[in-house]
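Ready for a short walk through this model? Open it in your viewer, switch to a cartoon view, and follow the stops below.

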Amino acid sequence: MFSASIFSSFIFLPQISKHFPQSINQQVQPGERVMDFCSGSGGKALIYGPNMQGQGRIYLHDVRDTMLQQAKKRLRQAQVQNYQLVPPRHPWLNRLKGKM
């Protein structure tokens, strides 16, 4: 599924083990774009966001708006500014579709 060309410019990080927090920091670098589907309240973005040094972009998508609002609050508190909340039916979903 992720081998399609539409996914080529984004990093997808499946949560597959208890070592996920350590491995995610090693994979995400400043300047990269990350799409976090099922982002919830932004826990993963809080792990790798500071390491991106304000460079690149983090897109957080969740079907629950309340969770995205919690993510926004948490990312602001952590001074992570290079993020975009992408709720369902948001215009960014269509814009990003051809870039992933």
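## From strand to strand to core

Start by selecting residues 33-37, strand E1: five bridges tie this strand to E2, and the two run parallel. The model you are looking at is a predicted one. For a single pair to label, pick Val34, whose bridge partner in E2 is Ile58. Now trace the connection: the chain leaves E1, passes through helix H2 (residues 43-48) and arrives at E2, making a right-handed β-α-β crossover.

Next, colour E2 itself, residues 57-61. How many of its five residues are buried? Four of them are, so to speak, under cover, and the strand is mostly covered.

Move on to strand E3, residues 83-85, which pairs with E2 in the parallel sense over three bridges. Show Tyr59 as sticks and you will find Gln84 of E3 standing opposite. To get from E2 to E3, the chain goes by way of helix H3 (residues 65-77), and this β-α-β crossover is also right-handed.

For the last stop, show side chains in the largest nonpolar core, which has 13 residues. Select Ala45, Tyr48, Met52, Ile58, Leu60, Leu75 and Tyr83, the members that touch the most others. H2, E2, H3 and E3 are the elements that each give two or more residues to this core, and H3 provides the largest share, with three.

Finish by centring on Ala45. Leaving aside residues up to four places away in sequence, Ala45 touches Asp36, Pro50, Ile58, Leu60 and Leu75.

Key: Residues are numbered from 1 along each chain as its sequence is written. This is a predicted model: local features need pLDDT of at least 70, side-chain atom pairs count only at pLDDT 80 or more; totals for chains, interfaces and linings use all residues. Side-chain values use heavy atoms; hydrogens and water are left out. Buried means under 20% relative accessible area, exposed over 50%, partly exposed in between (1.4 Å probe, protein chains only). Helices (H or I, at least four residues) and strands (E, at least two) are DSSP runs, numbered from the N terminus. Two strands pair if DSSP finds at least two bridges between them. A crossover is right-handed if, with the strands pointing away from the viewer, the path from the first strand over the helix to the second runs clockwise. A nonpolar core is a set of buried Ala, Val, Leu, Ile, Met, Phe, Trp, Tyr and Cys residues joined through side-chain atoms within 4.5 Å. Contact means heavy atoms within 4.5 Å.
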